[in-house]
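Colleague: I've got a new model open and would like to go through it with you. Can I throw some questions at you as we look?

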Amino acid sequence: MSASLSGAVAKHGAGDAKGALADYQSIIEADPSNGRAWHYAGVAHHQLGNSRKAIACLQRATNLEPQAADS
């Protein structure tokens, strides 16, 4: 996991889903193939009440890293 993603996950774990989501989106802009960032963005969207965006992000994460769904 990259340092920037680790920082975003830590922020998210501390209860700042909105701030973490902004970080996840920056990571995704820089690396659209980052399945983990898509996954965590989906979780953050869900926590913030945006189910449609959550589903879209989680589907993207699964398409990018299908093996991650097994872990």
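Colleague: At the start of α3, which residue has its backbone nitrogen within reach of a side-chain oxygen of N34?
Modeller: Ground rules first: this is a predicted model, where local features need pLDDT of at least 70, side-chain atom pairs count only at pLDDT 80 or more, and totals for chains, interfaces and linings use all residues. Residues are numbered from 1 along each chain as its sequence is written, and side-chain values use heavy atoms, with hydrogens and water left out. N34 is found in the loop between α2 and α3 (helices, H or I and at least four residues, and strands, E and at least two, are DSSP runs numbered from the N terminus). Its side-chain oxygen comes to within 3.2 Å of the backbone nitrogen of R36.

Colleague: Is N34 buried or exposed?
Modeller: The call rests on relative accessible area: under 20% is buried, over 50% exposed, and in between partly exposed (1.4 Å probe, protein chains only). Beyond residues up to four places away in sequence, N34 touches L5, I27, L64 and E65, where a contact is heavy atoms within 4.5 Å. At 14% relative accessibility, N34 counts as buried.

Colleague: What distance does α3 reach from its first C-alpha to its last?
Modeller: The helix covers residues 35-47, which is 13 residues. The expected span is 1.5 Å times one less than the number of residues, and here that gives 18 Å. The model comes out close to that, at 19 Å.

Colleague: Which helices do the buried residues of α3 pack against?
Modeller: The buried set is G35, A37, W38, A41, G42, A44 and H45. A37, for one, is in contact with L5, Y24, I27 and I28 once neighbours within four places in sequence are set aside. Taken together, the buried residues of α3 pack against α1 (3-13), α2 (17-30) and α4 (51-64).

Colleague: Which residues are in contact with A41, leaving aside its neighbours within four places in sequence?
Modeller: A41 sits in helix α3 and is buried, with a relative accessible area of 1%. Its C-alpha is 9.8 Å from that of A56, 15 residues apart along the chain. With neighbours up to four places away left out, A41 is in contact with L21, Y24, I28 and C57.

Colleague: Which helix gives the most to the largest nonpolar core?
Modeller: A nonpolar core here is a set of buried Ala, Val, Leu, Ile, Met, Phe, Trp, Tyr and Cys residues joined through side-chain atoms within 4.5 Å. The largest one has 13 residues, and those with the most contacts inside it are L5, Y24, I27, I28, A37, W38 and A41. Each of α1, α2, α3 and α4 supplies at least two residues. With five residues, the top contributor is α2.

Colleague: Which two residues form the aromatic pair?
Modeller: Rings of Phe, Tyr and Trp (its six-membered ring) pair if their centres lie within 6.5 Å; planes under 30 degrees apart are stacked, over 60 edge-to-face, and the rest tilted. A search of the whole structure finds one such pair, and it is stacked, at 5.8 Å centre to centre with 20° between the planes. One partner lies in helix α2 and the other in helix α3, so the pair ties together parts 16 residues apart in sequence. The two are Y24 and Y40.

Colleague: Which side chain makes a polar contact with the side chain of H12?
Modeller: H12 lies in helix α1 and is buried, with a relative accessible area of 12%. A polar contact is a pair of N or O atoms within 3.5 Å; within protein, one must be able to donate a hydrogen and the other to accept it, and residues adjacent in sequence count only if both atoms are side-chain atoms. At 2.9 Å, the partner of H12 is Y24.

Colleague: What arc do the buried residues of α4 cover?
Modeller: In α4, the buried residues are A54, C57 and A61, and they pack against α3. The face turned away from them carries the exposed residues R52 and N63. Going by the directions from the helix axis to the C-beta atoms, the buried ones lie on the same side of α4, within an arc of only 70°.
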